Amino acid sequence: MIILGIESSCDDTSAAIIRDGLLLSNVMAGQEVHKQYGGVIPELASRAHQQNIVPVTHRALTLAGVLPADIDAVAFTRGPGLMGSLLVGASFAKGFALAAGASLIAVNHLQGHILSHFIECPGQPRRRPSFPFLCLLVSGGHSQLVVVNSFLHFEIIGQTIDDAAGEAFDKCAKVIGLPYPGGPLVDQLAAQGNPDAFRFARPQVGGLDYSFSGLKTSFLYFLRDRIADNRAFIEENLHDLCASLQHTIIEIVMHNLVKAAEQTGIREIAIAGGVSANSGLRRHVREEGLKRHWKVYLPELRFTTDNAAMIAITGYYLFRAGERTPLDTTPVARIG
Ligand code: KG4
Ligand code: ZN
């Protein structure tokens, strides 16, 4: 069974081929155009997707040694994401499926991030979480705690009520003059800083939900006060600021992850999404796992940020379960 996956929910255009659950190719094209604006500009993102989608898919097919007629199903990201970006991927997937005589399968982007743990690469056997497992999904648009009961059955038990963890990284990084997306740069700079140098607000909301907007405000006010005394405060303390910010975000996400593991009694613990690439978060999850006898699953770095391999593997499990999407299905910017 051969699945073509298409991902275009935000600012990465990606196509991947999966045969019987094995990844044959995963091609990505990022979009440099947004860097100068300090964030993703939706209209520019959809235009760049239009330019990238054909060459990216062509390359994925070539690398996999697969012809359009070999494809059984085209899996595409239906949402959540930017509507203009989603429309490019959805329209392309429909046209391709129609022309190649393949089935169409709509995929939830968040389910894709979670199932990235099941992407298998030829010759590289991987540990996979057993059901039920608990997944901390932290990306630029989402922060959720999800109980994953099977490939297709999920229960969201906690989520952010305002910003996502990745947004907290990116927005605070912007305040200290780092380009978009700031998360990976904060991670790099934090490596040489003291995580206990400064303290910022750690907002707690009820239950297992998250909130990050108070952290952003506290970071901003802290800097405003320090800069009033010393105009070079940011430059002189860049590493410590990044390390302390990263430490705060990790503490916030870990607090509810630990609580969720205690409440559900689940010890199979996975993380997913762009922020799961963060070296500090990966270390904390591993350390907490040793202390609490968790089995910890960290995604391969190349499958943390948006990619089509995760969409293709989700499409594979949906296809096997008999799922088919009608051609008149439209993308959705928000789900749930
Ligand atoms: O999953 P993703 O590619 O897109 C969404 O679905 O949102 O996540 C992108 C987010 C951005 O906010 C980016 O700053 C963050 O993931 N990110 C990181 C790291 N790598 C990517 N945040 C912290 N540390 C990293 N190493
Ligand atoms: Zn994503």
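What follows is a conversation in which a biologist asks about a predicted model and a modeller answers.

Modeller: This is a predicted model, in which local features need pLDDT of at least 70 and side-chain atom pairs count only at pLDDT 80 or more, while totals for chains, interfaces and linings use all residues. Residues are numbered from 1 along each chain as its sequence is written, chains are lettered from A and ligands numbered from 1 in the order in which they are written, and side-chain values use heavy atoms, with hydrogens and water left out.

Biologist: What makes His109, His113 and Asp306 the protein donors of the zinc ion (ligand 2)?

Modeller: Donors are N, O and S atoms within 2.8 Å of the metal (3.2 Å for Na, K and Ca), and water is not among the atoms, so sites may look incomplete. His109 (NE2), His113 (NE2) and Asp306 (OD) lie 2.0 to 2.1 Å from the zinc ion. Along the chain the donors follow the spacing H-x3-H-x192-D.

Biologist: Why is the arrangement of the four donor atoms around the zinc ion (ligand 2) called irregular?

Modeller: Four donors count as tetrahedral if all angles lie between 85 and 135 degrees; four count as square planar and six as octahedral if opposite donors are over 155 degrees apart and all others between 65 and 115; anything else is irregular. The angles here are 95 to 137°, so the arrangement is irregular.

Biologist: Where do His109 and His113 lie?

Modeller: Both are in helix α3 (residues 109-115), four residues apart, about one turn of the helix. Helices (H or I, at least four residues) and strands (E, at least two) are DSSP runs, numbered from the N terminus. An α-helix has 3.6 residues a turn, so residues three or four places apart point the same way.

Biologist: How do you know whether His49 is buried or exposed?

Modeller: Buried means under 20% relative accessible area, exposed over 50%, partly exposed in between (1.4 Å probe, protein chains only). His49, in helix α1 (residues 42-64), has 0% relative accessibility and therefore counts as buried. Leu215, in helix α6 (residues 213-229), is also at 0% and so counts as buried.

Biologist: Which residues does Leu215 touch, not counting residues up to four places away in sequence?

Modeller: Contact means heavy atoms within 4.5 Å. Among those that Leu215 touches are Phe200, Ala201, Leu245 and Ile252. Leu215 and Ala201 are 14 residues apart in sequence and 5.1 Å apart in space, C-alpha to C-alpha.

Biologist: Why are α4 and α5 called roughly perpendicular?

Modeller: Axes are lines fitted to C-alpha atoms, for helices over the stretch in contact, and angles run from 0 to 180 degrees between N-to-C directions. Angles under 35 degrees count as roughly parallel, over 145 as roughly antiparallel, 65 to 115 as roughly perpendicular and the rest as oblique. α4 and α5 pack at about 75°, with their axes 8 Å apart, and are therefore roughly perpendicular. Phe169, Asp170 and Ala173 of α4 make the contact with Gly182, Gly183 and Val186 of α5.

Biologist: What is the peptide bond from Tyr180 to Pro181?

Modeller: That bond is cis, with omega near -10°. Pro181 lies in the loop between α4 and α5. The bond from Gly79 to Pro80 is also cis, with omega near -5°.

Biologist: Why does His293 count as exposed?

Modeller: Its relative accessibility is 60%, so His293 counts as exposed. His293 also has a positive phi of about 60° although it is not a glycine. Most residues other than glycine have a negative phi, and most peptide bonds are trans.
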